[in-house]
Amino acid sequence: MRGAVAGRALQRLGASVAASPGGTRVRTGTGALLPASAAGSGASTRSRSTSSMQGYSELARERSKTVTSFYNQSAIDVCAEKPSVRLTPATMLYSGKSPDGSHVLSSAKYLQKELPVRIAHRIKGFRSLPFIIGCNPTILQVHELYIRAYHMLSDFPAITDQETEAQYSKLVQQLLDDHKDVVTMLAEGFRESRKHIQVRLVLKSPVRCICPRAPSGRWSHSSLSLSTQPEFVGIICRRLSPKKIIEKWVDFAGRLCEHQYGSSPRVRINGHVAARFPFIPLPLDYILPELLKNAMRATMESHLDTPYNVPDLVVTIANNDTDFVIRISDRGGGIPHSILDKVLDYHFSTAEESAQDPRLTGLFNTITNSGPQSGPMHGFGFGLPTSRAYAEYLGGSLAIQSLQGIGTDVYLRLRHIDGKGESFRI
């Protein structure tokens, strides 16, 4: 009786029962004869497999709901629609410092309202990326950092006194430390995505939406951390000397170049070398090492046969009532016509081409991936375009003039924060 019931059950599964001297056997769909016990075991396995698949599907659905709710949050959507309140540096400069220290408290209150809005704008930028790029693990990691930062800042209680201001300042500093490698991670993520999509066509808008304005939070928060420095009002140096800041980065780039190549170009600074005016040094601390490293690298690579006899770099400072210009001139052979229009595009880099020169083996990767400020960005093709984004964010420009066969002039033009022209906002 039990054998007949088993046979009917198996027939429903597409098998047939056959009698044999060795006991009941089952003929499968392929014609093979199996013992009934083995066939029953197979049916049981299929049943368990079906149950497992159903459980996996339910788990996947739950996970999908969790992921969707994490990345799509109505609070962030609402905040992202709010306009950011950007201040002019002149406002920050002339509001000055209050004798009782209340300016620190008012700055912290401004940041508490403003930072979540700006972070929400960045998150919106991530959501606008093409799907294949937005799913890149490195890009997702950065995206999640911003979502985490948004909630940590939004959930912080209202700042009412110096104690809560100090706690908020500590939180912002912690988040800044967590985000210190964000631009490098974005560059790596976009580089990984190049094999799936023409990133060059995508980067012109989303990266400019994600990257260049992110430092505004750091610059604004610096109003808290720099409040004790007498030369500063927040992030603004009252009497910035372009010559001194250029000399600082010339020394950095020169030591790096000399360590790797055995020599470095001499740098001459001329023009309005005595100029002093109020300005924000932080963007110059990013842009100048990028431009100087590029100029020194081009000079050394175009004179590899005579590394101890290379042309000088000339840095010229021009100051006027509206803006100031820093020109960096090298004699590194210029930029070829074929790539001149690409050097300011995100993700364009000549690093791979230079590394193929046997005379640079072991040297190039180190010189392009060293340095405290911007070294890691060099090989990714983010250095120059991000420098230009910073310059434009500050109401200025970054332009390149190349004399093929001779050298290149780079013009960094930045608007005065208290000049005759309209001031920029940060």
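Strand 9 (residues 323-330) and strand 11 (residues 407-415) run antiparallel to each other, joined over eight bridges. Keep in mind that this is a predicted model. The two strands belong to an open sheet of five strands, and that sheet is a good way into the rest of the fold.

**The sheet**
- Reading across, the strand order is 6-8-9-11-10, and the pairing is mixed.
- Strand 6 (267-271) and strand 10 sit at the edges, each pairing on one side only.
- From one strand to the next, the twist averages 15°.
- The parallel part includes strand 6 and strand 8 (residues 313-319), which pair over five bridges. Here Ile 269 has Val 315 in strand 8 as its bridge partner.
- As a general reminder, strands of a sheet pair through backbone hydrogen bonds, in either the parallel or the antiparallel sense.

**Around strand 11**
- Strand 10 (residues 397-403) pairs with strand 11 in the antiparallel sense, over seven bridges.
- These two strands make a hairpin with three residues between them. In the turn, Gly 405 has a positive phi of about 95°.
- Which residues stand opposite Asp 409 in strand 11? Ser 329 does, and so does Gln 401.
- Helix 18 (residues 383-393) lies across strand 10 and strand 11, and runs at about 135° to strand 10.

**The nonpolar cores**
- The largest nonpolar core has 57 residues, and Phe 279 and Leu 412 are the ones with the most contacts inside it.
- What does Phe 279 touch, leaving aside its neighbours within four places in sequence? Its contacts include Ile 235, Ile 236, Cys 237 and Leu 240, along with Leu 284, Phe 324 and Phe 424. Leu 414, Arg 415 and Ile 417 are also in contact with Phe 279.
- There's a second, separate core of 36 residues, and among its members are Ala 80, Ile 147, Leu 153 and Met 185.

**Helix 14**
- Helix 14 (residues 281-301) has 21 residues, so at 1.5 Å a residue it should span 30 Å. Its end C-alpha atoms are 30 Å apart, which agrees.
- Is helix 14 mostly covered or mostly uncovered? Mostly covered: 17 of its 21 residues are buried.

Key. Residues are numbered from 1 along each chain as its sequence is written. This is a predicted model: local features need pLDDT of at least 70, side-chain atom pairs count only at pLDDT 80 or more; totals for chains, interfaces and linings use all residues. Side-chain values use heavy atoms; hydrogens and water are left out. A nonpolar core is a set of buried Ala, Val, Leu, Ile, Met, Phe, Trp, Tyr and Cys residues joined through side-chain atoms within 4.5 Å. Buried means under 20% relative accessible area, exposed over 50%, partly exposed in between (1.4 Å probe, protein chains only). Contact means heavy atoms within 4.5 Å. Two strands pair if DSSP finds at least two bridges between them. Helices (H or I, at least four residues) and strands (E, at least two) are DSSP runs, numbered from the N terminus. The expected span of a helix is 1.5 Å times one less than its number of residues. Axes are lines fitted to C-alpha atoms, for helices over the stretch in contact, and angles run from 0 to 180 degrees between N-to-C directions.
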